[in-house]
Amino acid sequence: MLTTEAITAVPLHSASAWQPGYPAPAVDAWRARVVAFAAAPESAAGEAALAEVIAGAVSLPGTIALSGARYRTADVDALLDLVADALPEPEWPEGSRPE
């Protein structure tokens with residue numbers, strides 16, 4: 001089960017100069033959506049947040065940069081893994097599940 005405590009317990013350290021990292025504003029916004037989902041997963045707001053969490057998990061890896069405010073990749077990857085392991089398995093129509 002994904003909890004707000006588990007999400008906020010994952011440390012996010014700033015990347016040093018010339019160290020690649022995820023843009024901090026994008027990660028902070030995504031993490032806020034994860035917290036919103038974890039706080040009320042069965043609500044309408046939780047359902048909306050889940051869609052944004054999944055979209056962010058897919059798009060964040062493509063945003064790694066070398067400049068600007070950013071978090072170390074290992075820290076964000078740990079957060080992505082935590083979330084991915086806790087998300088519900090998608091429901092696939094009969095015979096359509098990819099192998």
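## The pocket and its lining

Met 1, Leu 2, Phe 37, Ala 38, Pro 41, Glu 42, Glu 47, Leu 50, Ala 86 and Pro 88 form the lining of the largest pocket. Please keep in mind as you read that this is a predicted model. The volume of this pocket comes to about 170 Å³.

What is the chemical character of the lining? Eight of its residues are nonpolar, two are charged, and none is polar. The two glutamates, Glu 42 and Glu 47, are on the list of lining residues, alongside nonpolar neighbours such as Phe 37 and Leu 50. Two helices are worth picking out here: H2 (24–39) and H3 (44–59) each contribute at least two residues to the lining.

## The overall layout

Let's step back to the whole chain. The protein has four helices and two strands, and from the N terminus these elements follow the order α-β-α-α-β-α. Along the principal axes, the C-alpha atoms occupy a box of roughly 50 × 30 × 20 Å.

The chain has 99 residues, of which 27% are buried. If you look at contacts with a separation of 6 or more, 79% of them join residues 24 or more positions apart.

## The nonpolar core

The largest nonpolar core brings together 20 residues. Which of them have the most contacts inside it? They are Val 27, Trp 30, Val 34 and Val 76. Helices H2, H3 and H4 (73–86) are the elements that give two or more residues to this core, and H2 provides the largest share, with six. Helices H2 and H3 will be familiar from the pocket, where each supplies at least two lining residues.

Val 34 makes a handy viewpoint for exploring this region. Leaving aside residues up to four places away in sequence, Val 34 touches Leu 2, Ile 7, Val 53 and Val 83. Among these partners, Leu 2 also appears in the pocket lining.

## Two salt bridges

How many salt bridges does a search of the whole structure find? There are two. One joins the side chains of Glu 52 and Arg 33, with an N to O distance of 2.6 Å. Glu 52 belongs to helix H3 and Arg 33 to helix H2, so this pair links parts of the chain that are 19 residues apart in sequence. Both ends are partly exposed: the relative accessible area is 41% for Glu 52 and 28% for Arg 33.

The other salt bridge pairs the side chains of Asp 75 and Arg 72, at 3.3 Å from N to O. Is each partner buried or partly exposed? Asp 75 has a relative accessibility of 9% and counts as buried, because the cut-off for buried is under 20%. Arg 72, at 31%, counts as partly exposed.

## A closer look at Asp 75

Asp 75 deserves a visit of its own. This residue sits in helix H4, one of the helices that give two or more residues to the largest nonpolar core. Where do its contacts lie, once residues up to four places away in sequence are set aside? Asp 75 touches Val 10, Pro 11, Leu 12 and His 13. Taken together, Asp 75 is a buried residue that meets Arg 72 in a salt bridge and touches the residues from Val 10 to His 13.

Technical notes
Residues are numbered from 1 along each chain as its sequence is written. This is a predicted model: local features need pLDDT of at least 70, side-chain atom pairs count only at pLDDT 80 or more; totals for chains, interfaces and linings use all residues. Side-chain values use heavy atoms; hydrogens and water are left out. On a 1 Å grid over the protein atoms alone, a cavity is a set of points where a 1.4 Å probe fits but cannot get out, and a pocket is an open set with protein on both sides within 12 Å along at least five of seven lines; lining residues have an atom within 4 Å of a point. Grid points are joined across faces, edges and corners, and a volume is the space filled by probe spheres set on the points. A salt bridge is a side-chain nitrogen of Lys or Arg within 4 Å of a carboxyl oxygen of Asp or Glu. Buried means under 20% relative accessible area, exposed over 50%, partly exposed in between (1.4 Å probe, protein chains only). A nonpolar core is a set of buried Ala, Val, Leu, Ile, Met, Phe, Trp, Tyr and Cys residues joined through side-chain atoms within 4.5 Å. Contact means heavy atoms within 4.5 Å.
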